[in-house]
Amino acid sequence: MQVKRFFAADMRQAMKLVRDELGADAAIIGNRRIAGGVELTAALDYKLSALAPRVPNMELEDELRKTQSRIVTAQAELSLRSEGESDKATNRQLFAGLPLTAAEPLVEPTYTEPARPAPAPAATGGVDPRAFDSMRFELNSLRELMEVQLGSLAWNQLQGSRPAQANLWRRLQRIGLSGPLSRDLLAMISDIDEPRQAWRMLLAHLARMIATPEIEPLEEGGVIAMVGPAGMGKTTTLAKLAARYVLKYGAQNIALVSMDSYRIGAQEQLKTLGRILNVPVTHVDPGQSLVQALEPLLRKRVVLIDTAGLQASDPALRMQLESLAGRGIKSKNYLVLATTSQKQVLTAAYHSYKRCGLAGCILTKLDETASLGEVLSLAISHELPVAYLTDGPRIPDDLHLPRRHQLVSRAVSVQMQEEPSEEAMADMFADIYHSPTKQVG
């Protein structure tokens with residue numbers, strides 16, 4: 001038997017290292033938290049039968065629900081203990097029946113609900129928070145191990161029982177669509193057996209799920225703000241929007257506002273643009289009232305605001321978003337997303353900037369992207385209308401109104417050429433099990 005230790009920043013990365021090094025047949029026989037991440041102990045040719053029998057695949061869904069129910073119960077108990085309502089002994093009882101290795105994730109553990117002890121007449125002291133941190137880590141590790149294992153089993157079961165649908169899953173993964181969105185799309189064509197027709201209907205449903213504004217934002221007018229992290233293309237997009245409006249309606253009824261006092265040269269860029277287009281440019285310094293700055297511009301039909309791309313932890317970002325969300329502004333805020341960004345970056349951007357109230361999103365750098373599925377999944381799952389697309393540096397020629405079917409066609413044309421690996425498909429199914437609705441196949 002070959003035994004090896006693996007170190008990674010989180011459980012998912014550690015599991016991937018195990019699969020790459022020892023293969024899918026490796027068993028996790030131990031895990032613990034270390035400084036900077038986690039440590040997994042894995043074994044090859046491990047005698048699983050000595051631990052527990054395997055659960056048939058047909059009981060996969062039921063087993064997951066049972067295990068997650070126990071995790072929820074354990075977390076609730078842990079929350080009660082953190083408020084001083086019990087002691088460490090009960091916490092040790094709580095986890096006594098839960099396995100913490102991936103060798104036994106599919107076996108229902110023998111679990112007896114411990115009798116809750118009578119509350120002590122008076123609290124004698126606090127509970128060590130490090131004990132709770134350790135318990136939370138073990139719970140999260142157990143959940144992640146369960147999700148990875150169940151995802152792999154579910155994917156293998158689907159390939160064996162429904163190979164045609166498994167092929168559709170692979171094609172959607174090549175586009176880059178998220179697992180939950182792929183699941184919803186496949187549910188819509190469950191009654192279609194012919195592969196080509198099923199694929200065409202999948203793409204048609206995907207196009208219908210992409211929302212676009214009924215009226216172009218520039219035509220509707222008002223205060224329009226570009227928000228998003230640094231490097232997404234906010235200033236360039238604003239320049240394209242301003243040029244598009246000036247070419248169509250003239251420079252009399254449009255104004256530009258810059259809230260970016262942090263990036264070197266940001267204000268100079270807008271000043272130069274304003275001189276070229278003969279459009280007034282107003283700069284708003286940190287702490288200055290945005291309402292007062294916009295008051296002289298209210299007669300303009302369109303006011304375009306360029307904001308600073310700040311980190312989520314920066315207090316200045318909170319102040320900026322609160323200013324845009326103020327009642328006196330009535331700003332329509334559009335999240336600018338570069339299609340070249342990773343899924344984690346896109347998700348973090350949405351959660352950081354949704355506080356200001358988002359009217360939609362603008363997708364940039366389509367000419368540089370290798371996948372559109374990630375950004376389309378985000379826009380669909382969070383119901384963000386796609387207002388504009390940009391696919392080059394030319395102002396304003398490379399700014400376009402979105403056409404849903406063309407966007408889907410473009411997503412298919414830039415899809416990955418190689419088939420997704422078995423590990424990637426298993427990870428996608430693990431993400432589905434992590435989502436609220438866990439129906440696959």
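## Close-up views of salt bridges and nonpolar cores

**View 1. R318 and its salt-bridge partner in helix 12.** Let us start with R318, which is partly exposed because its relative accessibility is 42% (buried means under 20% relative accessible area, exposed over 50%, and partly exposed in between, with a 1.4 Å probe and protein chains only). This is a predicted model, in which local features need pLDDT of at least 70, side-chain atom pairs count only at pLDDT 80 or more, and totals for chains, interfaces and linings use all residues. Residues are numbered from 1 along each chain as its sequence is written, and side-chain values use heavy atoms, with hydrogens and water left out. R318 pairs with E322 in a salt bridge, with 3.2 Å between the closest N and O atoms (a side-chain nitrogen of Lys or Arg within 4 Å of a carboxyl oxygen of Asp or Glu). Both sit in helix 12 (residues 315–324), four residues apart, so about one helical turn separates them (helices are DSSP runs of H or I, at least four residues, and strands are runs of E, at least two, numbered from the N terminus). E322 is also partly exposed, at 48% relative accessible area. In total, the structure has six salt bridges.

**View 2. R410 reaches D391.** Here the two side chains form a salt bridge, at 3.6 Å from N to O. R410 belongs to helix 15 (residues 404–413) and D391 to the loop between strand 10 and strand 11, so the pair ties together parts 19 residues apart in sequence. With 29% relative accessible area, R410 is partly exposed.

**View 3. D398, a buried partner in a loop.** You will find D398 between strand 10 (386–390) and strand 11 (399–400). Its side chain meets that of R394 in a salt bridge of 2.9 Å, N to O. D398 counts as buried because its relative accessibility is 4%. Setting aside residues up to four places away in sequence, D398 touches K240, L389, T390, D391, G392 and P393 (contact means heavy atoms within 4.5 Å).

**View 4. L363 and the largest nonpolar core.** This core has 65 residues, of which L294, I305, L337 and L363 touch the most other members (a nonpolar core is a set of buried Ala, Val, Leu, Ile, Met, Phe, Trp, Tyr and Cys residues joined through side-chain atoms within 4.5 Å). Helix 7 (residues 195–209) contributes the most to this core, with six residues. Beyond its neighbours within four places in sequence, L363 has contacts including L337, V375, V386 and Y388. A separate core of 27 residues includes L218, A242, A243 and Y388.
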